[in-house]
Amino acid sequence: MNDFSIGHGHDVHRVQEGGVMKIGGVVVADDRSFVAHSDGAVAIHAVVDAILGALGQGDIGRIFDNHDERWRDADSRVFLDEARRRMDQAGYGLSNLDVTILAERPKLAGQVDAMAKVFSDALGGPANVKAGTNEGLDAVGRGEAIVATAVVLLAEKS
């Protein structure tokens, strides 16, 4: 591998009424949840995909198959912990993480710092989380879905 490696991740999930919604390891709503096999935590899923991409290890679905009952309703922190384990095993550390979440509701601006701390603590490096809307356009804009993207820069440990 190289001294540095970049990965990009993307995830989207439909939203349903009822349940509890967690994004980036933070509870953001207690009246809606994701339609997903696991907890559907889009930001964590995007970050895991970005890390796996930077490591050349495919995507989240290869490791945590959404047809495998072991992962039904699983807390996505398990996926994040596995991504960290793989990053460490490959000899890389987090140099930088940047996450963008698009959601009409719930409004997330007040929780992005807490999400960044979850990522920073879990991955051992700097993390930035941003939240925006889709200006009323498409399924995200209608509040039917939430999407997250992530870019990660990994640095070889000395």
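This report describes the sheet and the helices of a predicted model.

## Basis

Local features are given where pLDDT is at least 70 and side-chain atom pairs where it is 80 or more, while totals for chains, interfaces and linings use all residues. Residues are numbered from 1 along each chain as its sequence is written, and side-chain values use heavy atoms, with hydrogens and water left out.

## The sheet

Five strands, numbered from the N terminus as DSSP runs of E with at least two residues, form an open, mixed sheet in the order 4-1-7-5-6, where two strands pair if DSSP finds at least two bridges between them. Strand 4 (32-35) and strand 6 (127-132) are the edge strands, each pairing on one side only.

Within this sheet, strand 5 (residues 92-102) and strand 7 (residues 145-156) are antiparallel partners over ten bridges, and I101 has A148 of strand 7 as its bridge partner.

## Helix 1

Helix 1 (residues 42-55; helices are DSSP runs of H or I with at least four residues) has 13 of its 14 residues buried, that is, under 20% relative accessible area with a 1.4 Å probe and protein chains only. Helix 1 lies across strand 1 (4-17), strand 4, strand 5 and strand 7, and is followed by G56, whose phi is positive, near 70 degrees.

## Helices 3 and 4

Helix 3 (residues 77-89) packs against helix 4 (residues 112-123) at about 40 degrees, with the axes 9 Å apart; helix 3 is therefore oblique to helix 4, a term for angles outside the classes under 35, over 145 and 65 to 115 degrees. Contact, meaning heavy atoms within 4.5 Å, involves R77, L80, R84 and M87 of helix 3 and V118, F119, D121, A122 and L123 of helix 4.

How values were computed. Buried means under 20% relative accessible area, exposed over 50%, partly exposed in between (1.4 Å probe, protein chains only). Axes are lines fitted to C-alpha atoms, for helices over the stretch in contact, and angles run from 0 to 180 degrees between N-to-C directions.
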